[in-house]
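Please follow the chain helix by helix, keeping the sequence and the coordinates side by side. The text begins with one packed pair of helices and moves outward from there.

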Amino acid sequence: MIFAEKLKSERKNKGWSQEELAEKLFVSRQSVSKWENGQNYPSIEILIKLSDLFGVTIDEMLRSDEELKEKVIQDSKQLAHPKLKSLFDIIFLIGSILLIIKIGIILLNKFTAFDFELMGGSFIWNFGPLILMVGAGIGSGAVKDKYKED
């Protein structure tokens, strides 16, 4: 029996409407309807509440539906190095800001009488943002697929 059928069966065995079950779970009736129609799956927190309400094990609920089991596994994955991922994201943002500043100064110089000069030399302003953004993108990509192994 797939999860949707099991949920509907357990709810009807308790004599509850979708609305009543939704109130007990603090979700909308539409969420319950989508779960029962197989259009969506609940989070692990809701699965725990459902198992408590129906008096069945989480294992019984999860093993009934392969897609739900995979969703729970994916949802439970946590990045192995979240701070390193954040650092790469910040470096990418700095590179983007530097590029926007450079473009802004070029446009100001071109369309106004101002003659702003970029401090630090042309190499830094021409390649610095690019190096930061590409390096951060590569680093972020390398750590985003590494998850904690329990």
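In this predicted model, Phe3, Leu7, Glu10, Arg11 and Lys14 of helix α1 meet Leu47, Leu50, Leu53 and Phe54 of helix α4. Sorted by class, the contact of α1 with α4 has 6 nonpolar and 3 charged residues, and no polar ones. The axes of α1 and α4 come within 11 Å and cross at roughly 40°, an angle that makes α1 oblique to α4, and the crossing of the two helices is left-handed.

Two residues of α1 show how this helix stands towards the rest of the chain. Glu10, found in helix α1 (residues 3–14), is a charged residue by class, and with a relative accessible area of 15% Glu10 counts as buried because the limit for that term is under 20%. When residues up to four places away in sequence are not counted, Glu10 touches Phe54 and Val56, and Phe54 is also one of the α4 residues that α1 meets. Asn13 likewise has its place in helix α1, but Asn13 is exposed, with a relative accessible area of 62%. Asn13 and Phe54 are 41 residues apart in sequence, and their C-alpha atoms are 9.0 Å apart in space.

Helix α4 (residues 44–54) also packs against helix α2 (residues 18–25), here at an angle of about 115° and with the axes 10 Å apart. In this pair α2 passes α4 in a right-handed crossing, whereas the crossing of α1 and α4 is left-handed. From α2 the contact takes in Leu21, Lys24 and Leu25, and from α4 it takes in Ile46, Lys49, Leu50, Leu53 and Phe54. By class this contact has 6 nonpolar and 2 charged residues, with no polar residue. Leu50, Leu53 and Phe54 of α4, which are met by α2, are also among the α4 residues met by α1.

What does α2 meet in helix α3? Gln18, Glu19, Leu21, Ala22 and Leu25 in α2 meet Arg29, Val32, Ser33, Trp35 and Glu36 in α3, and by class the contact of α2 with α3 has 5 nonpolar, 2 polar and 3 charged residues. Leu21 and Leu25 take part in this contact with α3 and are also among the α2 residues that meet α4. The axes of α2 and helix α3 (residues 29–36) come within 8 Å and cross at roughly 110°, which makes α2 roughly perpendicular to α3. Here, too, α2 passes its partner α3 in a right-handed crossing.

The loop between α2 and α3 holds Phe26, a residue whose backbone deserves a look. Phe26 has a positive phi of about 60° although it is not a glycine. Is Phe26 buried or exposed? With a relative accessibility of 72%, Phe26 counts as exposed, because that term applies to values over 50%.

Further along the chain, contacts link helix α7 to helix α8. Phe92 has its place in helix α7 (residues 82–111) and is partly exposed, with a relative accessible area of 37%. Leaving aside neighbours within four places in sequence, Phe92 is in contact with Met133, Ala136 and Gly137. The C-alpha atoms of Phe92 and Ala142, 50 residues apart along the chain, are separated by 14 Å. Seen from the other helix, Leu132 lies in helix α8 (residues 122–144) and counts as partly exposed at 29% relative accessibility. With neighbours within four places in sequence again left aside, Leu132 is in contact with Ile91, Ile94, Gly95 and Leu98. Of these, Ile91 lies 41 residues from Leu132 along the chain, and their C-alpha atoms are separated by 6.3 Å.

A word on confidence should accompany this reading. The mean pLDDT of the chain is 86, and 93% of its residues reach 70 or more. Among the elements of the chain, α2 has the highest mean pLDDT, at 94, and helix α6 (residues 66–76) the lowest, at 77. Where pLDDT is low, the predicted coordinates should not be read in detail.

Methods:
Residues numbered from 1 in each chain as written. Predicted model: local features only at pLDDT ≥ 70, side-chain atom pairs only at ≥ 80, totals over all residues. Heavy atoms only, no water. Axes fitted to C-alpha atoms, helices over the stretch in contact; angles between N-to-C directions. Helix = DSSP H or I, 4+ residues; strand = E, 2+ residues; numbered from the N terminus. Left-handed = near helix turned anticlockwise from the far one by under 90°. Contact = heavy atoms within 4.5 Å. Parallel < 35°, antiparallel > 145°, perpendicular 65-115°, else oblique. pLDDT = per-residue confidence, 0-100. Buried < 20%, exposed > 50% of the residue type's maximum accessible area, 1.4 Å probe, protein only.
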